[in-house]
Amino acid sequence: MWSFGGTYGDAENHKVAGYINTEDAVKALEFYTDLLQFSPPDAPNYYWAETLSAYNSGKVAMAMNYFAFFPGVVDPKSNAISHDKSGFFVAPAGPKGHYISIGGQGMSVSSYSKNKDLAKQYMKWFMQKPVQEKWAALGGFTPHKEVLQSDTFKTATPFNEAFAASFPYLRDFWAVPEYAELLEVCQTNWSEAISKIKSAKEALDAIARKHEEIFEDAGYYDE
Amino acid sequence: MQINHPHRMSRGMSDYQLKMAFIMPTMILLILMNIFPLLWSLYLSFHRYKASMPAAPRFIGVRNYSRLLADPEIWGYFQTTAYFVILAVAAQFFIGFGLALLLNRDFRYKGFVTTLLLLPMMLSPVVVGLFWRFILSSDNAGLLNFFLSPFLKSPIGWTTNPKVAMLAVVIVDTWMWSPFMMLIALAGLSAVPKFLYEAADVDRASAWFKFRWITLPLVSPLLLIALLFRTMDAFKMFDIVYVLTREGGPGTATETVSMNLYKLAFRNYNTGKACAMAYILLIIIVALSNIYVKYLNRVKGDTQET
């Protein structure tokens, strides 16, 4: 969506209508829906595990998935067919930009925490270069710039180089406590668009409406 | 002369106290597991509250209820649920009653056949959903599509085509729960006095006459009880949809009210709204059950008069 010129909303005022349901976003969802013709018949019901399974079983020649699942691609026990023949590449650019949704589990400090300082100290310790190097050696993905661009990290697995190359294009979903609720609305409506229950425009209009309801309920529009 | 009090079983404790001592553990459990959650969820339904946040519940009156009742998507889920309930319960009724009629006679291996027919009901719904997901797989690797492939131009998207997905759920639920209907109907059929059929035979009554005027009236109270149970169960069905169509997919084609309630409560942690939704569902089920029970009492009254 971002690469087509769309966006989830305004991060400052949390307005969604007019951002997620623009012409560009509609084109992006229509393009995504069109890709289904190249997928197996049961692809609309695929989640990460099924996508991995479809690739590992040789059902598909190419698949998009989170980096976290790529160890399963290169493990001979789970991918007897192509574990040593698989390559990894950066998601391509779109007509209006190059952005990649790299999922991950972020660290945050709850505003309700009674140990905010301790939590921040932990985060500071975790982000130190030696610690991130050890984390990467254990198979973790790192946001530490130096470690990310080091040869040690890039050569640690067949897919780390693609990860390091993807990072400059990173964009992510709303980083708010209502994340799960907002994402669920998107998943439901995108799924309806893919299944042709709604058109791309209808799906995105519904997302805009529901997201603003969620933000309103959570008090983001209170003055 | 000393009179013994035979009902006084223990010294120091009265009959009443002893009764309460036996009942109290169950009462406490019932209050903790049923009554308290019922009252607490009713309280939360009038508040904005998220179980994932430490913020205290904030009173918002009937806003949760008005938002839900004004949301066209919620009515869509109710429609989907009604569609499922009507189709599934009807199919289970006809198949279950039909099987009971066939089994209501003596034949070799009757016990073995009855046990086999009861097996689906004994399986875990999650296991049933999982293996039916493979059977109904939308490519030709799915067993059903494989056998139908000589007659079809392309495989049927049982769980991916929104027009067909609910039918897939109905098929699985019917496969699983028709034996329940069969069991209840069989119990009813076994209880019909044989002399009524003998008397009808003497008067040269047709098979349809015997079914319409002897079998059906005498078995209908039990059939209605079975229908009541299956309707209540079908209304709150969750497990098969969760596993078979991945939480109500494709899109929201199979998203029932229970599935939506689960998402509200345990995916979005919108606890206040989920409690309100649960109460709306409770009121509907109680209303439907009351209609059933009134009709059941009427049928029972008619049967007794006959």
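The following paragraphs describe the overall form of chain B, its division into domains, selected backbone features in its loops, and the surroundings of two residues of chain A. The structure is a predicted model, and the values reported here are computed from it.

Chain B contains 12 helices and two strands, and these elements are arranged along the sequence in the order α-β-β-α-α-α-α-α-α-α-α-α-α-α, so that, by the numbering of DSSP runs from the N terminus, helix 1 precedes both strands. The radius of gyration of chain B is 25 Å, whereas a compact globule of 306 residues would have a value near 19 Å. Along the principal axes, the C-alpha atoms of the chain occupy a box of roughly 85 × 70 × 35 Å. Of the 306 residues in chain B, 41% are buried. When contacts between residues at least 6 apart in the sequence of chain B are considered, 64% of them link residues that are at least 24 apart.

With regard to its surface, chain B exposes about 17,900 Å², of which 70% is supplied by carbon and sulfur atoms. The chain carries 27 positive and 15 negative charges, and the mean positions of these two sets lie 7 Å apart.

Two domains are assigned in chain B, with domain 1 covering residues 15-44 and domain 2 covering residues 62-305. The centres of domain 1 and domain 2 of chain B, taken over C-alpha atoms, are separated by 33 Å. Contact between the two domains of chain B involves five residues of domain 1 and six residues of domain 2.

Several backbone features of chain B fall in loops between helices. The peptide bond that joins B:Gly249 and B:Pro250 is cis, with an omega of about -10°, and B:Pro250 is placed in the loop that runs between helix 10 (239-244) and helix 11 (257-267) of chain B. The loop between helix 10 and helix 11 of chain B also holds B:Arg246, a residue that is not a glycine and yet has a positive phi of about 55°. B:Arg246 is classed as partly exposed because its relative accessibility is 30%, a value that lies between the limits of 20% and 50%. A positive phi of about 55° is likewise found at B:Arg204, which is not a glycine; this residue belongs to the loop between helix 8 (194-202) and helix 9 (207-235) of chain B. B:Arg204 counts as exposed because its relative accessibility is 79%, with the limit for this class set at over 50%.

In chain A, A:Leu204 forms part of helix 10 (residues 200-217) and is classed as buried because its relative accessible area is 2%. Apart from neighbours within four places in sequence, A:Leu204 is in contact with A:Ile20, A:Asn21, A:Ala25, A:Val26, A:Leu29 and A:Trp190. The C-alpha atoms of A:Leu204 and A:Val16 are 10 Å apart in space, although 188 residues separate the two in sequence.

A:His14 is located in the segment before helix 1 (23-34) of chain A. With a relative accessibility of 12%, A:His14 also counts as buried, since this class comprises residues under 20%. Its contacts, again without neighbours within four places in sequence, are with A:Trp174, A:Val176, A:Phe215, A:Tyr220 and A:Tyr221.

Definitions and conventions: Residues are numbered from 1 along each chain as its sequence is written. Chains are lettered from A and ligands numbered from 1 in the order in which they are written. This is a predicted model: local features need pLDDT of at least 70, side-chain atom pairs count only at pLDDT 80 or more; totals for chains, interfaces and linings use all residues. Side-chain values use heavy atoms; hydrogens and water are left out. Helices (H or I, at least four residues) and strands (E, at least two) are DSSP runs, numbered from the N terminus. The radius of gyration is taken over C-alpha atoms; the globule rule is 2.2 Å times the number of residues to the power 0.38. Buried means under 20% relative accessible area, exposed over 50%, partly exposed in between (1.4 Å probe, protein chains only). Contact means heavy atoms within 4.5 Å. Accessible areas come from the Shrake-Rupley method with a 1.4 Å probe; for residues, only the protein chains shown count as cover. Lys and Arg count as positive and Asp and Glu as negative; His and the chain ends are not counted. The place of a charge is taken as NZ of Lys, CZ of Arg, CG of Asp or CD of Glu. Domain bounds come from an automatic or database domain assignment.
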